[in-house]
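Biologist: Could you take me through a close look at one part of this model, the surroundings of a bound ligand? I would enjoy a connected account.

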Amino acid sequence: MADLKIEICGVKLKNPVIAASGTFGFGREYNEIYDISVIGGVSSKGMTLKPRLGNAVPRIAEGYGVILNAVGLQNPGVEHFIKHDLSFLREKGVAVIANVAGSTLDDYGEICAALNGLADFVELNISCPNVKAGGMAFGIKPESINEVTRVAKSSLTKTPLMVKLSPNVESITANARAAEKGGADCISLVNTFTGMVIDLEKRKPVLANNTGGVSGAGIKPIAVKMVYEACQAVDIPVVGMGGIMSGEDAVEFMMAGAKAVQVGTANFADANAMPRIISEMNAWLDNHGIKSVNEIIGTVRMN
Amino acid sequence: MKDLTAIVKGNEEIAEKIYMLTLELTEDVGAVRGGQFVNLSVGDGSMLLRRPLGVCKTDGRLLSVCYQVKGRGTERLTAAKEGDELKVLLPLGNGFLLDKYKNIAVIGGGVGIFPLIATIREHCADKNFYSYIGFRNKSAVCLLDELGKSKSLTVTTDDGSYGIKGNAVSAYFEDVNKPAADAIIACGPPVMLKVLKRELKEHGVNIPCFVSLEERMGCGVGACLVCVCKKTDGENARVCKDGPVFDINEVEL
Ligand SMILES: Cc1cc2nc3c(=O)[nH]c(=O)nc-3n(C[C@H](O)[C@H](O)[C@H](O)COP(=O)(O)OP(=O)(O)OC[C@H]3O[C@@H](n4cnc5c(N)ncnc54)[C@H](O)[C@@H]3O)c2cc1C
Ligand SMILES: Cc1cc2nc3c(=O)[nH]c(=O)nc-3n(C[C@H](O)[C@H](O)[C@H](O)COP(=O)(O)O)c2cc1C
Ligand code: FES
């Protein structure tokens with residue numbers, strides 16, 4: 001049994017495996033399948049100030065080794081989360097990451113203020129490709145990333161700020177640095193890549209929203225490279241994700257420099273994905289005689 | 001609710017492009033209700049999404065689903081053979097809750113008949129089912145022995161090649177001798193359910209009617225909000241968790 005404990009921005013996690021936003025709700029449903037207290041943390045469904053109904057259906061499509069989603073940030077609003085879901089996650093003893101989105105700078109300021117001191121992290125979604133309110137407008141250029149990060153940070157006096165970067169950008173390096181300069185305590189990446197699947201018979205896109213965010217196994221090599229680049233660019237901790245399906249995949253992201261990982265689409269392919277990934281990670285470390293997961297972080301060496 | 005390994009016991013074509021897949025579950029999952037469904041891996045890692053399929057039969061640890069070959073996933077599923085292992089998440093959704101009812105009209109079309117069969121099997125010892133079942137044509141007709149567990153059975157085909165020419169909804173409303181029912185259960189293509197809702201209104205039928213809906217799914221357990229339908233109160237409901245069975249008056253069709 002290797003030691004899987006990690007610490008990010010002063011927050012202790014029992015292991016580095018966190019449920020990715022939007023794939024795990026607020027944890028209750030998967031807790032009917034296994035006790036979710038075994039995982040390191042839960043990033044909540046992306047929340048906005050007011051409840052949102054989201055996009056029309058179909059909201060999901062599939063490609064080889066990938067899926068596309070366009071949920072459109074359906075959520076019950078941040079107040080509902082604070083009243084009804086936070087205490088459940090607290091009781092489970094998992095790190096609580098409140099994933100938030102907005103359409104204006106004020107939205108981000110207000111929602112961060114509401115969560116200040118309540119969650120373990122606030123994860124700023126400035127990278128949802130599916131709706132205007134998803135903050136994509138802020139997530140493309142370094143200048144606006146810097147600005148929205150500053151606004152969020154000024155509301156978060158007690159809770160560390162995690163900025164979630166979009167991969168649909170010119171320079172991950174520049175954007176990671178912009179978040180760091182803006183005051184981010186850590187960053188997470190990647191959010192989904194934009195994509196489209198066409199139904200040949202209907203000659204129409206499968207998704208009602210036409211385009212959606214691509215995630216799952218097929219995006220992993222691109223995500224690993226981006227996480228590596230981000231880790232090289234900044235001094236703050238990086239949380240990596242994108243296509244993690246196994247313990248080995250998680251180890252790969254950590255070798256690339258990630259301090260922790262998030263697992264999204266894998267939960268759909270295997271409802272027990274997260275506990276499995278944790279035990280596979282453990283087995284990998286044991287098989288390599290590694291005592292603590294911290295020993296592998298950022299150990300990749302370029303050829 | 002468990003995600004477990006199942007062993008394929010049979011996978012036979014029972015009508016044109018319709019297969020019955022029988023699985024042996026390697027763990028106990030408790031009672032499975034008619035109208036509940038499973039999320040099945042198709043046995044190909046390049047397809048990350050499970051396929052939702054209504055439970056058709058259960059017998060101890062044996063569970064059968066019937067699927068129509070539609071796209072890549074169900075095509076791949078036809079290759080599953082005895083002894084193969086598939087992952088299956090179950091039981092999912094609410095199913096048909098019929099405690100309060102005794103005489104039940106059943107209206108089903110296409111692949112919608114399979115969850116209805118499970119419901120008939122579950123309750124036929126102490127409830128009366130009057131079934132109206134529509135198939136595309138003669139080559140799609142299947143499982144008449146199971147459907148025959150109903151007190152009465154009317155079969156239709158779109159082209160009249162078997163049974164009455166027409167569809168299940170029109171057969172129900174045109175049946176002048178229909179036995180009095182205290183509830184209706186229905187499952188079938190979206191257009192069938194839409195017509196059913198309209199006809200119920202037009203005929204002033206006000207017994208409860210429960211419909212099972214289909215939507216594309218991600219998690220299957222209520223976490224991802226991918227599979228929503230619109231409720232008449234303007235809110236969204238998750239087909240996988242709040243459904244798939246809804247009161248017909250509660251949902252927009
Ligand atoms: C609760 C429920 C119960 C169902 N029960 C049955 C059943 O008993 N028998 C049966 O033959 N079919 C049933 N279906 C429909 C069945 O899930 C689809 O036909 C099947 O998923 C198609 O997969 P594919 O890979 O062949 O098609 P593709 O088009 O290649 O699938 C691509 C993606 O779209 C999804 N998808 C496509 N069509 C549907 C659909 N109509 N409903 C939901 N998802 C869809 C697939 O699951 C997959 O994720 C049910 C659907 C639901 C929601
Ligand atoms: C159905 C679905 C919904 C998502 N919703 C959100 C969201 O609300 N906020 C967010 O920051 N990311 C969201 N994501 C992105 C994931 O958190 C993650 O960044 C992405 O899926 C890549 O990881 P994966 O390949 O492990 O899924 C969503 C992804 C999926 C599949
Ligand atoms: S499929 Fe995830 S909520 Fe229904």
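Modeller: Happy to. A polar contact here is a pair of N or O atoms within 3.5 Å. Please keep in mind that this is a predicted model. With that cut-off in hand, let us turn to ligand 2. One of its oxygen atoms is 2.7 Å from a polar backbone atom of A:Gly243. Another contact involves A:Val190, where a backbone N or O atom lies 3.0 Å from an oxygen atom of ligand 2. A side chain takes part as well: a polar atom of A:Asn125 lies 3.1 Å from a nitrogen atom of the ligand. As for cover, ligand 2 taken alone exposes 600 Å², and the protein buries 98% of that. The place it occupies is the largest cavity.

Now for the residues of the shell. There are 23 residues around ligand 2, and those that come nearest are A:Ser21, A:Lys164, A:Gly216, A:Gly243 and A:Thr265. A:Gly243 is thus both on that list and in the backbone contact described above. Sorted by class, the shell holds 15 polar residues, six nonpolar ones and two charged ones.

To put the pieces together, ligand 2 sits in the largest cavity, has 98% of its exposed area buried by the protein, and is surrounded by a shell in which 15 residues are polar. The contacts described involve backbone atoms of A:Gly243 and A:Val190, along with the side chain of A:Asn125. I hope that gives you a good starting point for your own look at the site.

Terms used:
Residues numbered from 1 in each chain as written. Chains lettered and ligands numbered in written order. Predicted model: local features only at pLDDT ≥ 70, side-chain atom pairs only at ≥ 80, totals over all residues. Heavy atoms only, no water. Near = heavy atom within 4 Å. Polar contact = N/O pair within 3.5 Å; in protein donor to acceptor, adjacent residues only side chain to side chain. Areas by Shrake-Rupley, 256 points an atom, 1.4 Å probe, with all protein chains shown as cover. 1 Å grid on protein atoms, 1.4 Å probe; cavity = no way out; pocket = protein on both sides within 12 Å on 5 of 7 lines; lining within 4 Å. Sits in = over half its atoms within 2 Å of the grid points. Nonpolar A, V, L, I, M, F, W, Y, C, P; charged D, E, K, R; others polar.
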